[in-house]
Amino acid sequence: MVMLDLQKAFDTVNHSILIDKLKALGFDKTSVSWMRSYLEGREQVVEVNGTLSSPLPVNCGVPQGSILGPLLFLIYVNDMTSACDCNLFLFADDSALLVPGKDWKQVENSLSSELSKVCTWLSDNKLSIHLGKTESILFGSNFNLNKVDSFTIKVGDSEITRKNEITYLGCILEANLSSDKMTSKTIKKISQRTRFLYRIAPLVNKNTLKTLTRALIQPFFDYGVHVWYRSASKALKTRLQTAQNKLVRLQLSLPSRAHLDHSHFISLGWLTVADRVQHLALGLVFKIHNTTMIPKYLTDYFLKVKDRHNYNTRGSSTDHVQPRHGSNKGLNSFSCYATNMWNALPKALKECKSLPSFKTALKSHLQAVTSRNW
């Protein structure tokens, strides 16, 4: 994988090229003229010690902080995928090239070639890549990674720095596909904010405390959880649950070492960490099955097993066939573990008519199962 770092991406969008792309996408003349008027005729000044410089025209870039800025940039880079023959992940100006393979030398050559193609596309579109900050990473098992002598991606005379871990969209990805560092980072952030809540607890009422917990801490439990939770070690999963237990005791004003049972979680309307992960995963699977709002790439990724069937899988409540995987690591992929979870659900749950009713019924189901196994 190569993580691309674009220099001042939003500030270097060429207006003429952007207008041409809008035309190519089918925008009518009025819309194109309106967009040209929105972009052109802008000026900028610099203030130093209360003194303003002479205004200079802004000849490129999209207005940052605006609603249209990110959208126009996405339109601008939307055809970058045509420049390469590998997987290209685009999220605003965070882009990544991914090449799979069993031979690391072949992967190395392919990534170097694909990166060169992308650099050419960027140059043609008046964007520039910061090769010094662009990073590469080779994923694999520890056994296979130990066989690699030197994994080097090159563009011309420039060599891309290889890392053992990278951060992509806030998630730490490790070369050996472990998620221990991401889990440890999450636990640290949760613990910091939990201490803050303990300090202010005497000053606020219970409803406010619960709202603050939901706003300040729950996002850390949830963000990217489909990526990192399944690959975390058992010890770190225990620590994560311990962190949630502290929050339960705080909400219920219990002593720090008070024993907890499942009734405490139910009284708060909370799920345990493992059940919450399952609830989020199955909610996403339900949306893949029953709505058209899910991006096509995600639908294709999860339902790629449909090629093995002679019927349409979308909208059906039938069980899935688990995707093939080359190692035990593959069992931690979303398509594998979510398939197993979905297949294990009662038929009545899978046939719910709406997402809210499914989530409510699923939560009750998970609480009942956990209560029996507590």
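**Reading cavities, pockets and helix packing**

Modeller: About 50 Å³ of space lies in the largest cavity, and since this is a predicted model, what we read here is a computed description of the space and its surroundings.

Biologist: How many cavities of 30 Å³ or more does a search of the whole structure find?

Modeller: Searching the whole structure at that threshold of 30 Å³ or more yields one cavity.

Biologist: Which residues line the largest cavity, and which element supplies the largest share of them?

Modeller: A cavity is a space in which the probe fits but from which the probe cannot get out. In this structure the walls of the largest cavity are formed by Gln218, Phe221, Asp222, Val225, Gln244, Val273, Arg276, Val277 and Leu280. H8 and H12 each contribute at least two residues to that lining, and H12 provides the largest share, with four residues. Sorted by class, the lining of the largest cavity holds five nonpolar, two polar and two charged residues.

Biologist: Turning to the second largest pocket, how much space lies in it, and which residues lie nearest its centre?

Modeller: A pocket, unlike a cavity, is an open set of points. The second largest pocket holds about 320 Å³ of space, and among its 14 lining residues Gln218, Gly269, Trp270, Leu271 and Arg276 lie nearest the centre. Helices H7 (206-216), H8 (218-222), H10 (234-252) and H12 (273-290) are the elements that give two or more residues to this lining, with H7 giving the most, three residues. The classes in the lining of the second largest pocket are five nonpolar, five polar and four charged residues. Gln218 and Arg276, named here for the pocket, also belong to the lining of the largest cavity.

Biologist: At what angle do the axes of H1 and H2 cross, and which residues make the contact?

Modeller: Angles over 145 degrees count as roughly antiparallel. The axes of H1 (residues 15-24) and H2 (residues 29-39) come within 10 Å and cross at roughly 160°, and H1 and H2 are therefore roughly antiparallel to each other. The crossing of H1 past H2 is right-handed. On the H1 side the contact is made by His15, Leu18, Ile19, Leu22 and Lys23, and on the H2 side by Val32, Met35, Arg36 and Leu39; by class these are six nonpolar, one polar and two charged residues.

Biologist: How are the axes of H1 and H3 placed, in angle and in distance?

Modeller: Angles from 65 to 115 degrees count as roughly perpendicular. H1 and H3 (residues 68-77) pack at about 80° with their axes 9 Å apart, which makes H1 roughly perpendicular to H3. Here Ile17, Leu18, Lys21 and Leu22 of H1 meet Leu72, Ile75 and Tyr76 of H3, a contact with six nonpolar, no polar and one charged residues. Leu18 and Leu22 of H1 thus appear in the contact with H3 and also in the contact with H2.

Conventions:
Residues numbered from 1 in each chain as written. Predicted model: local features only at pLDDT ≥ 70, side-chain atom pairs only at ≥ 80, totals over all residues. Heavy atoms only, no water. Axes fitted to C-alpha atoms, helices over the stretch in contact; angles between N-to-C directions. Parallel < 35°, antiparallel > 145°, perpendicular 65-115°, else oblique. Left-handed = near helix turned anticlockwise from the far one by under 90°. Contact = heavy atoms within 4.5 Å. Nonpolar A, V, L, I, M, F, W, Y, C, P; charged D, E, K, R; others polar. 1 Å grid on protein atoms, 1.4 Å probe; cavity = no way out; pocket = protein on both sides within 12 Å on 5 of 7 lines; lining within 4 Å. Points joined across faces, edges and corners; volume = space filled by probe spheres on them.
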